[in-house]
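User: I have a model open and want to learn how to read its sheets and helices. Can you walk me through it?

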Amino acid sequence: MQYNPTLHILSNGLPVILDPMDLETVAIKIRFTTGSRDETPENYGITHFCEHMLIKGTKRFPSRKELKDYIEDLGGTFNASTSNNLLQIYGRIIAENTNELLTVFADMLQNSLFDEKKIEIERTVILDESRRARSNNSRKFTNLVYSNLFGVSAFRTLGSDENIKSFTREQMLDWLKKRLSTKNCVIGISGRIDDEQTLLKKLEELFNFLPNHDVPVNRELRYTPCDKFKKESSIKNVWLNILFPYIRPDTYENMRITLAESKFHKYLVQELGEVVRQQNGLVYSIGMSGYGNEYDGIHGIDTETSPENLERAVALIAKTAYHVYNNDKITQSILTRFYNHHRLVDADFLESATRRCDILVNHWGDFGKVYDLRRIQEFDKSITVDEVISASQGFFDGPMSIMTFGAEHNVDIQKVWKENFK
């Protein structure tokens, strides 16, 4: 499968990544690196509210239904999303209608109506979305982690009910004016591209309205270790995270060593699964969780079990983690197996326009570089056992946090860990 994405910078500074594929469709994503981390408590939720309104009607298509019907008639689909660090519009369409989908996206960004009546309708929708999110146990657990370890709400992307009820049309338009710029934007197009130069001319025509001002980014996130349990009567198991601070930031320069560290993570999860799940039947699954941003964060072991099995499970996790970390070192045969398995992952990536577009856009947004698959593959193939061992050093050395959620328990997990991590 061909892979030769190219970077193009439009006259206003907007980066565009074109990724030709032998397909009949095209996937398009427009990402702005801005989200709830860039908001203050007084305006938490405003980016998310703006996202909803960007797809609720433009001068050309005054309603979402008219937008949706037009794109679906052309064999396409679209949506938008917001997170901690991004606002994006994305879609997929029959390749012959690529220009039409791009035209609609440009129309959304430049001419969305932010109609007062629709704002009021959407306000009730977002309040309902917020209620559902705050009732979801997985999101409650994530909030337990963020609120205790970082001092921020995991629901800040949605905003408080008070914020949702207070945002005005003027506030939202002013926020987008400040936060949307070619300097924090990238457009990715993966799929059938018959004529790159003609497509680039169309992009110049459609997106020359975007300004080129600097957009400040808030990356501050301070980790405060703690041990926290929250009871949730609807859950019969104990959800458990054993967490440690990042060893190093996830930067482009650290890519090889970060990849080596990820192989340690994979080996650790493999061994934990064998001992705790397969040999002792204490959990259904066990894996790794991570929270934070690319520069400051925490990651560690993630599982759940019954209250009566919790102490034994933690003891086995600690013993196994210690031996993987100190004694049972990864071997070259295991690295070869991991590499061969990852070739399947690469094939999934290469064969999907949507996945390629996602990774290309997100890689540029995070690192300011075009995703170099061949370089990553070469890293993956050539990383040595010594590199993996070196990259893992310090993983368990930082201040540990224990997060438990769900059924009542009386296990001193910190104590059990310390008694068995040896």
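Analyst: We will take the sheets, then the helices, then one residue. Keep in mind that this is a predicted model.

User: What holds the strands of a sheet together?

Analyst: Strands pair through backbone hydrogen bonds, in parallel or antiparallel fashion. Now the case here. One open sheet has six strands, in the order β1-β2-β6-β3-β5-β4, with mixed pairing.

User: Which strands stand at the edges of that sheet?

Analyst: β1 (6–9) and β4 (76–82) do. Each has a single partner strand, so one side of each lacks a neighbour in the sheet. From one strand to the next, the twist averages 15°.

User: How do β3 and β6 pair?

Analyst: Strand β3 (residues 25–32) runs antiparallel to strand β6 (residues 185–191), and seven bridges join them. To find the register, look at A27: S190 in β6 stands opposite.

User: Which helices pack on this sheet?

Analyst: Helix α1 (residues 46–54) touches β4 and β5 (87–94), and its direction makes about 165° with that of β4. α3 also packs on the sheet, touching β3, β4, β5 and β6. The direction of α3 makes about 155° with that of β5.

User: How do I read a helix pair, say α2 and α3?

Analyst: Start with the axes. Those of α2 (residues 64–73) and α3 (residues 98–111) come within 10 Å and cross at roughly 165°. Angles over 145 degrees count as roughly antiparallel, so α2 is roughly antiparallel to α3. The crossing is left-handed.

User: Which residues meet there?

Analyst: From α2, L67, Y70 and I71; from α3, E100, L101, V104 and M108. By type, that contact has six nonpolar residues, no polar ones and one charged.

User: What is the strand order in the sheet of five strands?

Analyst: That open sheet runs β7-β11-β8-β10-β9, with mixed pairing. Its edge strands, β7 (227–231) and β9 (286–292), each pair on one side only. Neighbouring strands are turned by 20° against each other on average, direction ignored. Strand β8 (residues 238–245) and strand β11 (residues 401–406) are antiparallel and share six bridges. There, N241 has M403 in β11 as its bridge partner. Helix α9 (residues 255–279) lies across β9 and β10 (297–305), at about 140° to β9.

User: Last one: is T336 buried, partly exposed or exposed?

Analyst: T336 sits in helix α11 (residues 332–350). Its relative accessible area is 36%, so T336 is partly exposed. Now compare sequence with space. T336 and D380 lie 44 residues apart in sequence, and their C-alpha atoms are 9.4 Å apart.

Methods: Residues are numbered from 1 along each chain as its sequence is written. This is a predicted model: local features need pLDDT of at least 70, side-chain atom pairs count only at pLDDT 80 or more; totals for chains, interfaces and linings use all residues. Side-chain values use heavy atoms; hydrogens and water are left out. Axes are lines fitted to C-alpha atoms, for helices over the stretch in contact, and angles run from 0 to 180 degrees between N-to-C directions. Helices (H or I, at least four residues) and strands (E, at least two) are DSSP runs, numbered from the N terminus. Angles under 35 degrees count as roughly parallel, over 145 as roughly antiparallel, 65 to 115 as roughly perpendicular and the rest as oblique. A crossing is left-handed if the near helix is turned anticlockwise from the far one by less than a right angle, and right-handed if clockwise. Contact means heavy atoms within 4.5 Å. Ala, Val, Leu, Ile, Met, Phe, Trp, Tyr, Cys and Pro count as nonpolar, Asp, Glu, Lys and Arg as charged, and the others, Gly among them, as polar. Two strands pair if DSSP finds at least two bridges between them. Buried means under 20% relative accessible area, exposed over 50%, partly exposed in between (1.4 Å probe, protein chains only).
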